[in-house]
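I opened this entry to note what I looked up, going from the whole chain to one sheet. The questions are kept beside what I found.

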Amino acid sequence: MSEKNERGALTPENYWDVITEHQGETFYTKSGLPFTYQVLGKELFADRRERSINQQTFEKALMRMIERPDEVKGPKALKLFGAPYIWAVLTQLGV
């Protein structure tokens, strides 16, 4: 799943709606681990994690990826909880 969503690249205005629309699909971490997720309100629950990742954390990651693309080349550069899953979802949906 490497193509962008139908709306084009994710933006701060549409990212959570797009993420919600793609729940249940299979995504892959940078190291190739498959996972799916479910969105409940403002939290994303990946099937490989016990804790949720909240909407605000995704927004921080999105802004870092948009504002500093030369510095953010992988999940570790995000320096956020759940970075492998955040990176996978955001990059595979078009960031």
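The notes below cover the overall fold and then the strands of one sheet.

**Entry 1: the whole chain**

I am working from a predicted model. I began with the secondary structure and found 3 helices and 5 strands. Read from the N terminus, the elements follow the order α-β-β-β-β-β-α-α.

I then looked up the dimensions. The C-alpha atoms fill a box of roughly 30 × 25 × 25 Å along the principal axes. How does the radius of gyration fit a compact globule? For 95 residues such a globule would have a radius near 12 Å, and the protein has 12 Å, so the two agree.

Next came burial and contacts. Of the 95 residues, 41% are buried. I took the contacts with a separation of 6 or more and found that 51% of them join residues 24 or more positions apart.

**Entry 2: surface and charge**

The protein exposes about 5600 Å², and I noted that carbon and sulfur atoms supply 47% of this area. How many positive and negative side chains are there? I have 13 positive and 13 negative, with the centres of the two sets 9 Å apart.

**Entry 3: the sheet β3-β4-β5**

I turned to an open sheet of 3 strands, ordered β3-β4-β5 and paired antiparallel. Which are its edge strands? They are β3 (37-40) and β5 (53-54), each of which pairs on one side only.

I took the pairing of β3 with β4 (residues 43-46) first; this antiparallel pair runs over 4 bridges. Tyr 37 stands opposite Ala 46 of β4, and Leu 40 has Glu 43 of β4 as its bridge partner. The two strands form a hairpin with 2 residues between them. In that turn I noted Gly 41, with a positive phi of about 65°.

On the other side, β4 and β5 are antiparallel over 2 bridges. Here Leu 44 stands opposite Ile 53 of β5. This hairpin has 6 residues between its strands.

**Entry 4: the faces of β4**

Which side chains of β4 are buried? Leu 44 and Ala 46 point to one face and are buried. Glu 43 and Phe 45 point to the other face and are not buried. The general rule is that side chains in a regular strand alternate between the two faces of the sheet.

I set this beside the pairing: buried Leu 44 is the residue opposite Ile 53, and buried Ala 46 is the one opposite Tyr 37. Glu 43, which is not buried, is the bridge partner of Leu 40.

Terms used
Residues are numbered from 1 along each chain as its sequence is written. This is a predicted model: local features need pLDDT of at least 70, side-chain atom pairs count only at pLDDT 80 or more; totals for chains, interfaces and linings use all residues. Side-chain values use heavy atoms; hydrogens and water are left out. Two strands pair if DSSP finds at least two bridges between them. Buried means under 20% relative accessible area, exposed over 50%, partly exposed in between (1.4 Å probe, protein chains only). The radius of gyration is taken over C-alpha atoms; the globule rule is 2.2 Å times the number of residues to the power 0.38. Contact means heavy atoms within 4.5 Å. Accessible areas come from the Shrake-Rupley method with a 1.4 Å probe; for residues, only the protein chains shown count as cover. Lys and Arg count as positive and Asp and Glu as negative; His and the chain ends are not counted. The place of a charge is taken as NZ of Lys, CZ of Arg, CG of Asp or CD of Glu.
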